[in-house]
Amino acid sequence: MTAEPARSAARMRASDADREAVVEQLREAAAEGRIDMDELDERLNLALTAKTYGELAPITDDLGGPAVREAGEPLTVRGGMHKVQRTGGWKVPARIVVSGGLGGALLDFSEAECRVSVVELEVDAQMGGVRIVVPDGWGVDTDALDLALGGLKSKLTAEREPGAPLLRITGSCGVGGVRIRRPGLRERRRKR
């Protein structure tokens, strides 16, 4: 009975982000000397032409680490009348859907455990807006974000460090807007 869900997940179509995560893991493995350049070229070709999770998974099975995100339900964070927060030491899935509602939403990744290289974050800022705290070194891609009325305010300046996660943000800034920043004094104190 448990074999059927695993089989159906393997048949699910892989996204560009899934293929990119595998490519990044392969490049890191080559940099660490775990695979040679010929094997890297061969595996890159397989990764870039893979259509399903089942085709992607064997490419990195012997390298360790989760390159292909697990198919399944995304983490859903919904603000209502009051603010909703995801802070502290929480596990970051490959896909998150956050809705600001009237009270707003806060996603603080500064103490979170992230084992995926690309995190797909879909926002619907609505009235309360969405606030995002991104650790130093993480990359953020907001190119596909609809600025709507609330717009985007980002205080990020540094580039993404090699091997650090990429937060790809899509959706709408709504009326409340989306605000992105690095950890401040409060988050740094809490981390100590």
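**Walking through the predicted fold**

Leu 149 has a relative accessibility of 75%, so Leu 149 counts as exposed. The cut-offs used here are under 20% relative accessible area for buried, over 50% for exposed, and partly exposed in between, with a 1.4 Å probe and protein chains only. Before going on, keep in mind that this is a predicted model, where local features need pLDDT of at least 70, side-chain atom pairs count only at pLDDT 80 or more, and totals for chains, interfaces and linings use all residues. Residues are numbered from 1 along each chain as its sequence is written, and side-chain values use heavy atoms, with hydrogens and water left out.

Back to Leu 149, which sits in the loop that runs between strand S10 (145–146) and strand S11 (152–154). Helices (H or I, at least four residues) and strands (E, at least two) are DSSP runs numbered from the N terminus. Leu 149 also belongs to a nonpolar surface patch of about 600 Å², together with Met 81, Leu 102, Met 127 and Val 175. Patch members have over 30% relative accessible area and no salt bridge; nonpolar side chains (Val, Leu, Ile, Met, Phe, Trp, Tyr) are joined within 5 Å, like charges within 9 Å. The areas come from the Shrake-Rupley method with a 1.4 Å probe, and for residues only the protein chains shown count as cover.

That S10–S11 loop has another resident to look at: Ala 148 is placed there too. Its phi is near 45°, a positive value in a residue other than glycine, and Ala 148 is partly exposed at 42% relative accessible area. Gln 126 has a positive phi as well, near 50°, and again the residue is something other than glycine. You'll find Gln 126 in the loop between strand S7 (118–124) and S8, where a relative accessibility of 31% makes Gln 126 partly exposed.

Now for the sheet. Which strands make it up, and in what order? Five strands form an open sheet, ordered S2-S5-S8-S13-S11, with parallel pairing. Its edges are strand S2 (84–86) and S11, each of which pairs on one side only. On average, neighbouring strands of this sheet are turned by 10° against each other, direction ignored. Here the axes are lines fitted to C-alpha atoms, for helices over the stretch in contact, and angles run from 0 to 180 degrees between N-to-C directions. Two strands pair if DSSP finds at least two bridges between them. Strand S5 (residues 105–108) and strand S8 (residues 130–133) run parallel and are joined by four bridges. In this pairing, Asp 108 stands opposite Val 133 in S8.

Aromatic rings come next. Rings of Phe, Tyr and Trp (its six-membered ring) pair if their centres lie within 6.5 Å, with planes under 30 degrees apart called stacked, over 60 edge-to-face and the rest tilted. By this rule there are two aromatic pairs. Trp 90 and Phe 109 make a tilted pair, 5.2 Å centre to centre with 40° between the planes. This pair links distant parts of the chain, 19 residues apart: Trp 90 is in the loop between S2 and strand S3 (91–92), and Phe 109 in the loop between S5 and strand S6 (113–114). Trp 90 is buried at 6% relative accessible area, and Phe 109 is buried at 0%. Phe 109 and Trp 138 have ring centres 5.4 Å apart and planes at 45°, so this pair is tilted. Trp 138 lies in the loop between S8 and strand S9 (139–141) and Phe 109 in the S5–S6 loop, so the pair ties together parts that are 29 residues apart in sequence. Phe 109 and Trp 138 are both buried, and with Trp 90 they form one aromatic cluster.

Last, the charged side chains. How many salt bridges does the structure hold? There are nine, counting a side-chain nitrogen of Lys or Arg within 4 Å of a carboxyl oxygen of Asp or Glu. Arg 43 meets Glu 39 in a salt bridge with an N to O distance of 2.6 Å. The two residues are four apart in helix H3 (residues 37–49), so about one helical turn separates them. Glu 39 is partly exposed at 29%, while Arg 43 is buried at 10%. Arg 43 also forms a salt bridge with Asp 62, the closest N and O atoms being 2.9 Å apart. That contact spans 19 residues, from helix H3 to the loop between helix H4 (53–60) and strand S1 (75–78). Asp 62 is exposed at 55% relative accessibility.
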